[in-house]
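I opened the model to look up its salt bridges, a few buried side chains and the contact between its domains. My entries follow in the order I checked things.

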Amino acid sequence: MRVVLAEDLFLLRDGLVRMLEAFDFEIAAAVESGPELTKALAELQPDVAVVDVRLPPSHTDEGLQCALAARRAKPGLPVLVLSQHVEQLYARELLADGTGGVGYLLKDRVFDAGQFIDAVRRVAAGGTAMDPQVIQQLLSRRSADQPLGALTPREREVLELMAQGRSNAAIAGQLVVTERAIAKHTSNIFGKLDLPVSDDDNRRVLAVLAYLDQGR
């Protein structure tokens with residue numbers, strides 16, 4: 001799997017390169033600025049891009065904007081964005097086209113290599129990988145809505161994990177219950193939120209995220 005990596009801090013960029021290579025990813029390019037990222041994405045056509053939000057020369061959201069432009073040029077290009085802070089706007093922009101293949105993680109909340117690599121692979125496969133704090137903010141903004149208020153504590157827990165991009169199997173493993181139990185919770189959640197039921201994990205995640213991001 002070929003990766004284009006964009007990170008302006010040398011030590012972090014070098015560490016990410018070594019980690020990805022250790023898990024058999026091929027680094028097509030490791031760049032440090034917005035213009036370099038734009039060129040690499042256009043010329044190298046990677047399987048996934050791992051991008052820091054803030055890159056030179058502006059050090060604002062240049063990395064994100066370069067990635068979004070690349071997705072417009074190549075719809076569905078998988079992009080995993082790394083950020084220092086929770087910014088709902090970043091998540092909204094990533095999710096705007098509703099096609100999946102996107103992720104948004106906070107740098108200081110990635111606690112081990114397995115967690116990060118799982119997120120890269122999930123995004124590359126067309127799924128989503130959203131930091132729990134982003135999901136918490138989306139949920140908090142809509143917590144007064146009657147449909148969300150109708151969820152049981154367990155259903156809300158399942159909803160949060162689903163919105164992060166996790167499959168039924170992954171949710172069952174984390175909550176130490178059967179997949180059948182999670183499927184039942186999922187069915188109840190979609191019924192209460194009046195969302196279309198689907199057996200496809202990615203479609204379900206996108207439906208949930210779209211619902212949570214309404215009223216922005």
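**Entry 1: Arg 109**

Which residue does the side chain of Arg 109 meet in a salt bridge? I found Asp 131, at 3.1 Å from N to O. This is a predicted model, and I read every distance here as a computed value.

I then looked up where the two partners sit. Arg 109 is in the loop between strand 5 and helix 5. Asp 131 is in the loop between strand 6 and helix 6. The pair links distant parts of the chain, 22 residues apart.

Next I checked accessibility. Asp 131 is buried, at 3% relative accessible area. Arg 109 comes out at 23%, so I log Arg 109 as partly exposed, the cut-off for buried being under 20%.

**Entry 2: Asp 52 and Lys 107**

I counted salt bridges under the same heading and got 9. One of them joins Asp 52 to Lys 107, with the closest N and O atoms 3.2 Å apart. Asp 52 lies in strand 3, residues 48-52. Lys 107 lies in the loop between strand 5 (102-106) and helix 5. The two are 55 residues apart in sequence, so this salt bridge ties together separate parts of the chain.

Are these two buried or exposed? Asp 52 has 5% relative accessibility and counts as buried. Lys 107 has 19% and also counts as buried. I note that 19% falls under the 20% cut-off.

**Entry 3: Glu 7**

I followed the pair outward. Glu 7, Asp 52 and Lys 107 are linked in a network of salt bridges. Glu 7 is in the loop between strand 1 (2-6) and helix 1 (10-22). Its relative accessible area is 1%, so I log Glu 7 as buried.

The side chain of Glu 7 also makes a polar contact with the side chain of Lys 107, at 3.0 Å. I listed what Glu 7 touches, leaving out residues up to four places away in sequence. The list holds Leu 12, Arg 13, Val 31, Glu 32, Asp 52, Leu 55 and Lys 107.

**Entry 4: Arg 122 and Asp 118**

How far apart are the closest N and O atoms of Arg 122 and Asp 118? I read 2.6 Å, and the pair forms a salt bridge. Both are in helix 5, 4 residues apart, so about one helical turn separates them. Arg 122 is buried at 17% relative accessibility. Asp 118 is partly exposed at 34%.

**Entry 5: Leu 64**

I turned to a nonpolar side chain. Leu 64 is in helix 3, residues 62-73. Its relative accessible area is 0%, and Leu 64 is buried.

What does Leu 64 touch beyond four places in sequence? I found Val 51, Asp 52, Val 53, Val 81, Tyr 90, Glu 93 and Leu 94. Asp 52 from the salt-bridge network is thus listed again. I took one C-alpha distance: Leu 64 to Tyr 90 is 7.6 Å, across 26 residues of chain.

**Entry 6: Ser 33**

Ser 33 is in the loop between strand 2 (26-31) and helix 2 (34-44). Ser 33 is buried, at 13% relative accessible area. A polar contact of 3.0 Å joins its side chain to that of Glu 36. Outside its neighbours within four places in sequence, I found Ser 33 in contact with Leu 55 and Pro 56. Leu 55 is also on the list for Glu 7.

**Entry 7: the domain contact**

Last, I looked at the two domains. Domain 1 covers 2-142 and domain 2 covers 147-213. The contact takes 20 residues from domain 1 and 15 residues from domain 2. Their C-alpha centres lie 24 Å apart.

How much area do domain 1 and domain 2 bury between them? I read about 1,600 Å², with 56% of it on carbon and sulfur atoms. I found 0 salt bridges between the domains. Residue pairs in polar contact across them number 2, both at pLDDT 80 or more.

Which elements give two or more residues to the side of domain 1 that touches domain 2? They are helix 4 (88-95), helix 5 (113-124), strand 6 (128-130) and helix 6 (132-141). Helix 6 gives the most, with 6 residues. By class, I logged 8 nonpolar, 7 polar and 5 charged residues on that side.

Technical notes. Residues are numbered from 1 along each chain as its sequence is written. This is a predicted model: local features need pLDDT of at least 70, side-chain atom pairs count only at pLDDT 80 or more; totals for chains, interfaces and linings use all residues. Side-chain values use heavy atoms; hydrogens and water are left out. Domain bounds come from an automatic or database domain assignment. Contact means heavy atoms within 4.5 Å. Buried area is the accessible area (1.4 Å probe) that two parts lose on being put together, summed over both. A salt bridge is a side-chain nitrogen of Lys or Arg within 4 Å of a carboxyl oxygen of Asp or Glu. A polar contact is a pair of N or O atoms within 3.5 Å; within protein, one must be able to donate a hydrogen and the other to accept it, and residues adjacent in sequence count only if both atoms are side-chain atoms. Ala, Val, Leu, Ile, Met, Phe, Trp, Tyr, Cys and Pro count as nonpolar, Asp, Glu, Lys and Arg as charged, and the others, Gly among them, as polar. Buried means under 20% relative accessible area, exposed over 50%, partly exposed in between (1.4 Å probe, protein chains only).
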